[in-house]
Amino acid sequence: MNNEKLISSTPILDNQTCPKGILSAHQTAKGVYAKLVVIEGTIEFVWEDTNEKIVIDSSKPFIIESQRKHHLNLLWEVKFKVEFYSCK
């Protein structure tokens, strides 16, 4: 992500406050990328097109490609947020 501009961010979410839509297939809008930032715990991230599963923790944010369908699995207690960026 070069020349990115932060356009919005979720509040800090946890297992109780996570929107249900995040747990099923969804994607960002065209030209919008997301950064998954895990604060505590781990999250299983799943790409819908390949069913590739990636475990994300607080050691490094994870970049979510624009318009690529994915979902999250909250297997343990977590705290996280999602930041949205416009890239031009």
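Hi everyone, I'd like to walk you through one strand of this structure, its partners and a few of the residues around it. Please keep in mind that this is a predicted model.

Let's start with strand E4, residues 43-47. Five of its five residues are buried, so the strand is largely enclosed by the rest of the structure. As a reminder, side chains in a regular strand alternate between the two faces of the sheet. In E4, one side carries Ile 43, Phe 45 and Trp 47, while Glu 44 and Val 46 are on the other, and both faces are covered.

Which strands does E4 pair with? On one hand there is E5, residues 53-56, joined to E4 by four bridges and running antiparallel to it. If you'd like to find this pairing on the screen, look for Phe 45 opposite Ile 54, and for Val 46 opposite Lys 53. The two strands make a hairpin, with five residues between them. In that turn sits Asn 51, with a positive phi of about 60°.

On the other hand there is E7, residues 70-73, again antiparallel to E4 and again joined by four bridges. Here Glu 44 has Asn 73 as its bridge partner.

Put together, that gives an open sheet of three strands in the order E5-E4-E7. E5 and E7 are the edge strands, each pairing on one side only. From one strand to the next, the twist averages 25°.

Now for the aromatic residues. How many aromatic pairs are there? The count comes to three. In one of them, the ring centres of Phe 45 and Trp 47 are 4.7 Å apart and the planes are at 80°, so this pair is edge-to-face. Phe 45 is buried, with a relative accessible area of 0%, and Trp 47 also counts as buried, at 3%. Trp 47 pairs with Phe 62 as well: those ring centres are 6.1 Å apart with planes at 50°, so that pair is tilted. This second pair links distant parts of the chain, since Trp 47 is in E4 and Phe 62 is in strand E6, 15 residues apart. Phe 62 is buried too, and Phe 45, Trp 47 and Phe 62 form one aromatic cluster. There's a charged neighbour to point out here: Arg 68 lies over the face of Trp 47, at 3.9 Å from the ring centre.

Arg 68 also brings us to His 70, because the backbone oxygen of Arg 68 lies 2.8 Å from a polar atom of the His 70 side chain. His 70 is in strand E7, and at 3% relative accessibility it counts as buried. Among the residues that His 70 touches are Phe 45, Val 46 and Trp 47, along with Ser 24 and Ile 64. His 26 is another of its contacts; the C-alpha atoms of these two histidines are separated by 5.7 Å, although they are 44 residues apart along the chain.

One last stop: Thr 28. Where is it? Thr 28 is in the loop between strands E2 and E3. Is Thr 28 buried or exposed? At 9% relative accessibility, it counts as buried. Its side chain reaches the backbone oxygen of Val 32 at 2.6 Å and the backbone nitrogen of Gln 67 at 3.1 Å. Thr 28 also touches other residues, including Ala 34, Glu 65 and Phe 84.

That's the tour, and thanks for listening!

Methods. Residues numbered from 1 in each chain as written. Predicted model: local features only at pLDDT ≥ 70, side-chain atom pairs only at ≥ 80, totals over all residues. Heavy atoms only, no water. Buried < 20%, exposed > 50% of the residue type's maximum accessible area, 1.4 Å probe, protein only. Pairing = 2+ DSSP bridges. Contact = heavy atoms within 4.5 Å. Polar contact = N/O pair within 3.5 Å; in protein donor to acceptor, adjacent residues only side chain to side chain. Axes fitted to C-alpha atoms, helices over the stretch in contact; angles between N-to-C directions. Phe/Tyr/Trp six-rings, centres within 6.5 Å; stacked < 30°, edge-to-face > 60°. Lys NZ or Arg CZ within 6 Å of the ring centre and 35° of its normal. Lists of a residue's contacts leave out its neighbours within four places in sequence.
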